[in-house]
Amino acid sequence: AYKVITQFDSLNQMMVMTNGYTGLTKQQFIDMSDSVGKATSNFSGARESMQALGAAGVRAGSDFSKVAEVVTNFSRYTDTATGDTVKWYAQIQKTPLDTLRQFDDQYHRITSSVLEQVAAHQKSGDTLGAVKIATEALMSAQDKMAKEAMENANIFVKAIRWVSDEMSKAFSGGPKMDTST
């Protein structure tokens, strides 16, 4: 109960701090957070992601819930703090090309053609176009990374189960002591 109250207090603070910057009402925000929670099977992570995105002033328009899903999954499966994940999206709003380059320097996930597209939009003064392309590229890269991390975790779990099963077989099928005497 305390956690729910704390989350609603955080939501209220974020809504006041941003003065509706996200373009969502409180109820829309809650509904979207629940939808993201269902999509990711991580309701508290979804709420945390939504609040962090809102507090950081990230404007993603109709993609807001998709960004929140990616942030939730990326944070969960790559063990990256939600705030650190959200920082990429907040920075893209201000410096799309530089942020995408920094992300690529760290993770090597952005193609040169995408960087060129962002640079062309930015050079022509189309900042919104640059932000849109950069945001989509970041979402795509983080989504792939989250899925890869989840698959790797599943492989690891399967390997542990296999070893455990084999150990059980080895010990249950081993020599038996004669206890009849």
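In this predicted model, the largest pocket is lined by 13 residues, and R59, A60, V131, K132 and T135 are the ones that lie nearest its centre. The space inside this largest pocket comes to about 260 Å³. Helix α8, which runs over residues 127-172, gives the most to the lining, with 6 residues. Sorted by class, the lining is a mixture: 4 residues are nonpolar, 5 are polar and 4 are charged.

Attention now turns to the aromatic rings. The model holds 3 aromatic pairs by the rule used here. One of them joins F74 and Y107, whose ring centres are 6.3 Å apart and whose planes meet at 85°, an edge-to-face arrangement. The angle explains the label, because planes over 60 degrees apart count as edge-to-face. F74 sits in helix α4 (residues 64-78) and Y107 in helix α6 (residues 96-107), so this pair ties together parts of the chain that are 33 residues apart in sequence. The two partners can also be described by their accessibility. F74 is buried, with a relative accessible area of 1%, whereas Y107 has 23% relative accessibility and counts as partly exposed.

Another edge-to-face pair is formed by W88 and F103: the ring centres are 5.2 Å apart and the planes stand at 90°. Here W88 belongs to helix α5 (residues 82-94) and F103 to helix α6, so the pair ties together parts that are 15 residues apart in sequence. Both W88 and F103 are buried. Taken together, the ring pairs link F74, W88, F103 and Y107 into a cluster.

Helix α4, the home of F74, can be followed a little further. A simple length check works well for this helix: at 1.5 Å a residue, the 15 residues of α4 should span 21 Å, and the C-alpha atoms at the two ends are indeed 21 Å apart, which agrees. The expected figure is 21 Å because the span is taken as 1.5 Å times one less than the number of residues.

The buried residues of α4 are F64, V67, A68, V70, V71, T72, N73, F74 and S75. When reading such a list, it helps to recall that an α-helix has 3.6 residues a turn, so residues three or four places apart point the same way. F64, V67, V71 and F74 are among the buried residues of α4 and can be picked out in the structure with this in mind. Just after α4, the backbone at D79 takes a positive phi of about 55°.

Terms used:
Residues are numbered from 1 along each chain as its sequence is written. This is a predicted model: local features need pLDDT of at least 70, side-chain atom pairs count only at pLDDT 80 or more; totals for chains, interfaces and linings use all residues. Side-chain values use heavy atoms; hydrogens and water are left out. On a 1 Å grid over the protein atoms alone, a cavity is a set of points where a 1.4 Å probe fits but cannot get out, and a pocket is an open set with protein on both sides within 12 Å along at least five of seven lines; lining residues have an atom within 4 Å of a point. Grid points are joined across faces, edges and corners, and a volume is the space filled by probe spheres set on the points. Helices (H or I, at least four residues) and strands (E, at least two) are DSSP runs, numbered from the N terminus. Ala, Val, Leu, Ile, Met, Phe, Trp, Tyr, Cys and Pro count as nonpolar, Asp, Glu, Lys and Arg as charged, and the others, Gly among them, as polar. Rings of Phe, Tyr and Trp (its six-membered ring) pair if their centres lie within 6.5 Å; planes under 30 degrees apart count as stacked, over 60 as edge-to-face and the rest as tilted. Buried means under 20% relative accessible area, exposed over 50%, partly exposed in between (1.4 Å probe, protein chains only).
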